[in-house]
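Visitor: Before we begin, could you take me through this model slowly, and tell me what lies behind each term that you use?
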Amino acid sequence: MILTLGDIAQRLDLELKGDASIRISGIANLLGAEPGQLTFLFNSNHKKYLSGCKAAAVVLCESDAEGCKLPCLVTPRPRLEWARIAALFDTSPAPNHKIHSTAVISPTAMIAGDVTIGAQTVIEAGARLDSGVVIGAGCFIGQSTVVGTNSRLAANVSLYHEIIIGSNAIIHSGAVIGADGFGFESDNGVWTKIPQIYSVHIGDDVEIGACTTIDRGALNHTCIGDGVKLDNQVQIGHGTTIGHNTAISGCTAIAGSTRIGAYCLIGGAVGIVDNIQIADRVEITAMSLVSRSIEEKGRYSSGTGLMPGRSWKRSIVGFARLGEILKRLRALERRTKQP
Amino acid sequence: MILTLGDIAQRLDLELKGDASIRISGIANLLGAEPGQLTFLFNSNHKKYLSGCKAAAVVLCESDAEGCKLPCLVTPRPRLEWARIAALFDTSPAPNHKIHSTAVISPTAMIAGDVTIGAQTVIEAGARLDSGVVIGAGCFIGQSTVVGTNSRLAANVSLYHEIIIGSNAIIHSGAVIGADGFGFESDNGVWTKIPQIYSVHIGDDVEIGACTTIDRGALNHTCIGDGVKLDNQVQIGHGTTIGHNTAISGCTAIAGSTRIGAYCLIGGAVGIVDNIQIADRVEITAMSLVSRSIEEKGRYSSGTGLMPGRSWKRSIVGFARLGEILKRLRALERRTKQP
Amino acid sequence: MILTLGDIAQRLDLELKGDASIRISGIANLLGAEPGQLTFLFNSNHKKYLSGCKAAAVVLCESDAEGCKLPCLVTPRPRLEWARIAALFDTSPAPNHKIHSTAVISPTAMIAGDVTIGAQTVIEAGARLDSGVVIGAGCFIGQSTVVGTNSRLAANVSLYHEIIIGSNAIIHSGAVIGADGFGFESDNGVWTKIPQIYSVHIGDDVEIGACTTIDRGALNHTCIGDGVKLDNQVQIGHGTTIGHNTAISGCTAIAGSTRIGAYCLIGGAVGIVDNIQIADRVEITAMSLVSRSIEEKGRYSSGTGLMPGRSWKRSIVGFARLGEILKRLRALERRTKQP
């Protein structure tokens, strides 16, 4: 795939400074770009790297374009243009709108005319795949599950029965949606299973990462709002609700019956306990434990900073003595206040 | 599925207060219940929600039934009855006791007469599936692996060779049992693989969540006791033993050669290091790191509480100075004790 | 599989002390060994267990051999010999060098003559499997992906398109390589997807655990160096580089565009943020959060020690007041210094 810089400028309606006939073979980051590639300046602090950059051209904003010796595509929002330019060079396999002969499809499944279904996939009774849906190889689509228009499942995705996936979803390999929530009642220490009879409802424009798991509910549906983005290996417990456009980074674990607001940013490897509420626009930093509800938007953290092993050991000893430290401090204050 | 309240009372032998002919279409939680649904009062503190509740009837205990205006099913243990009532409304697909024609089954596999095997599943030489076993679509059952009576595997489960699964197991999609433990020996920084030649033995009545992984052992079997419940994305290292009826929440990582007692409750996203022992009836709160053996039952934690970002930064600075804080405290105490 | 102790000594060129005709049926650890088994003394402190040990013989080093009443195989490095001896007793199914009739293989895939391909596997157009490759059942090998000489994939592995796997890889079930990195740009809170058009390049002699996920890059390839060992449920973000011979334990999450050095040891359930550099030979203890670059080799940690619940609560209260504690300490010091 080769495009001229002029082609790109024209297709995406960007201002071009420099030679339009330059041939662009792909995109790359500022430090790694090779001749013929288009690069991006996302941060004015990195302007210094432009001088040594081997790229054929650079995408940047007006204020950074001044004095730039490379041919430029100028835009107020280089990161958004990145998304559009990358799409021009995307070599992901295109769907072929065919149903592979080895797919096992129930006669009662409802499959729109232009759906793509990969080899070895299994589609159970009453499932419905809407127009433009793409199902990768080796997937399992359970009984009466619905996959909305233009949603795409990569290979080896498992959807249990009665799941609803909205439109334009992207679901990556190894994801499992609708497994039983973790619900047991102890009868003298022996666990009785509580049937998880509700389902998972996923809105439109949701992306779900590889090996991410979303459990079905016991007394209400697990609900993922429109525009939610879940990274890999995220775990969402039964009956939990995620508000629209919230993004959750990899390996975060969210327990059951929790309500998370809209437009939240949840860092990687975060833990969120069950039965709490988190407001809209809350940001949680990586590896924090959220053990209580959060009522105000803002940024929240837990944990400690990284330290060399030896000094860390002194600090954890001190941490264990913090109750005592507070007492000794009070005693000193009392004593030194005496006349 | 519609049942009358009287049907439910009779089938489960519960005391009924109110109109037995009320038609119940399902169950739901107290706040979300709609007309026609049966709800539950698990906690007397939530009694206040009963007045605005739209449910047709409620399951509760004797002491909460007084004054309740909704028709009631009365039981000393509403949560246990929940399990039984939910089962009445469960629409999970029933096994059909057939072997799908696309399943690939070794001629030397031993398959009981009433087993259900889904499409595209592969069963290797010498594997044994006992009576009532249900294997979902796309599973892999390795050579000489045994699955005990009435155990059920959802779609896309992987069992390596020579694994033993007891009776009544439930194993969810994406689970992987019997992959090699993480065992290498460094030879000047280059890793030599130690063959993981032992297996995984799983007791009866075990549930294993989606994408949970249990590694095979190197010098002894990895053993999961009867009645153990593992949530999604749990990782169990090689040669580790989990005592009976222990429950482990999602995303917990347990390293190798560790022994965990019976009746433990291990929170989500906990880390447990290798080669330690944990007593019976130990409770570990979410996201704790267990870096040493625990000899006494009880509740244990590590980590810090959630804080707004700015004050958290002050605290982590203080944490890093805890060794110094203790020294300064001692110096002050010495100085102020002087006459 | 039965070998005499003499057979083992001869095959592996080890010094034998005792009866060469003893029959050895397998290996086991010191405390669990049964008659007929060979055990290992890895640590001189465990010498006391030898007297009660039921094993038929023991592998140990010269200095521990003195006074040992069991027949011995003597070697300077018992752990390295363990790897070689375990291989003698390994019952893992051997590849049969056949392509199963149910595998779906594109006519444009390039498959070496001696490759083994399991049932229900799907291999897309232009993929290349080199000599000696073994692909388990139910795998998906995407378009134009390359798997190098003698690499082995267990069942149900997913490789997206254009991935490069080096020689001698071992990839466990449920692993997903090449799913889209987690890249979005916010346009007033609504996420625009950034196409992840780069790939994943994996070196030689790499092991990848069950349900581990390695994302493809957006502006450069995600690169895993030669000899890297990744345990189960590890997550590697897009564009990240792992240096050669680094070992990463289970459930560790590494965000995107981070560079990790060679010969690092990264504990389980560690979190490493995006866009940082970690030097060679860095060791990170379990469950630490690495939120900044590490320039010096050495051992690093974060978090707090495990505590009984009640005292832990006092400590987390103290932690939240650490900013205040420092102020009070300064005030006391000022006051007590006054004459």
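Visitor: Which residues in α5(A) are buried, and what makes them so?

Guide: This is a predicted model, in which local features need pLDDT of at least 70 and side-chain atom pairs count only at pLDDT 80 or more, whereas totals for chains, interfaces and linings use all residues. Residues are numbered from 1 along each chain as its sequence is written, while chains are lettered from A and ligands numbered from 1 in the order in which they are written. A residue is called buried if 20 or more other C-beta atoms, placed from the backbone, lie within 10 Å of its own, exposed if 12 or fewer do, and partly exposed in between. In α5(A), the residues that meet the buried condition are A:Leu322, A:Ile325, A:Leu329 and A:Leu332. They cover an arc of only 70° around the axis, so they lie on the same side of α5(A), the arc being that of the directions from the helix axis to the C-beta atoms. On the other side of α5(A), A:Arg330, A:Ala331 and A:Arg334 are exposed.

Visitor: What covers the buried residues of α5(A)?

Guide: The cover includes α4 (309-320) of chain A, α5 of chain B, and both α4 (309-320) and α5 (322-337) of chain C.

Visitor: Why does the span of helix α5 of chain A agree with what it should be?

Guide: Helices (H or I, at least four residues) and strands (E, at least two) are DSSP runs, numbered from the N terminus. The expected span of a helix is 1.5 Å times one less than its number of residues; for the 16 residues of α5 (residues 322-337) of chain A this should be 22 Å, and because the end C-alpha atoms are 22 Å apart, the two agree.

Visitor: How many residues does the contact take from chain A and from chain C, and what gives the most to the side of chain A?

Guide: Two residues are in contact if their C-beta atoms, placed from the backbone, lie within 7 Å, and the contact takes 65 residues from chain A and 63 residues from chain C. On the side of chain A that touches chain C, α5(A) gives the most, with 8 residues. That side divides into 33 nonpolar, 26 polar and 6 charged residues, where Ala, Val, Leu, Ile, Met, Phe, Trp, Tyr, Cys and Pro count as nonpolar, Asp, Glu, Lys and Arg as charged, and the others, Gly among them, as polar.

Visitor: What makes β39(A) and β38 of chain C a pair?

Guide: Two strands pair if DSSP finds at least two bridges between them, and 2 bridges join β39(A) to strand β38 (residues 298-301) of chain C, which run antiparallel. Here A:Met307 stands opposite C:Ser301 in β38(C). Likewise, 2 bridges join β38(A) to strand β39 (residues 307-308) of chain B, again antiparallel, with A:Tyr300 opposite B:Pro308. Between β38(B) and β39 of chain C there are 2 bridges in the antiparallel sense, and B:Tyr300 stands opposite C:Pro308.

Visitor: Why do β2 and β4 of chain C stand at the edges?

Guide: In chain C, 5 strands form an open sheet of mixed pairing, in the order β2-β7-β6-β5-β4. β2 (15-17) and β4 (26-27) each have a single partner strand, so one side of each is left without a neighbour in the sheet. β2(C) pairs with β7 (residues 72-74) in the antiparallel sense over 3 bridges, and C:Leu16 stands opposite C:Leu73.
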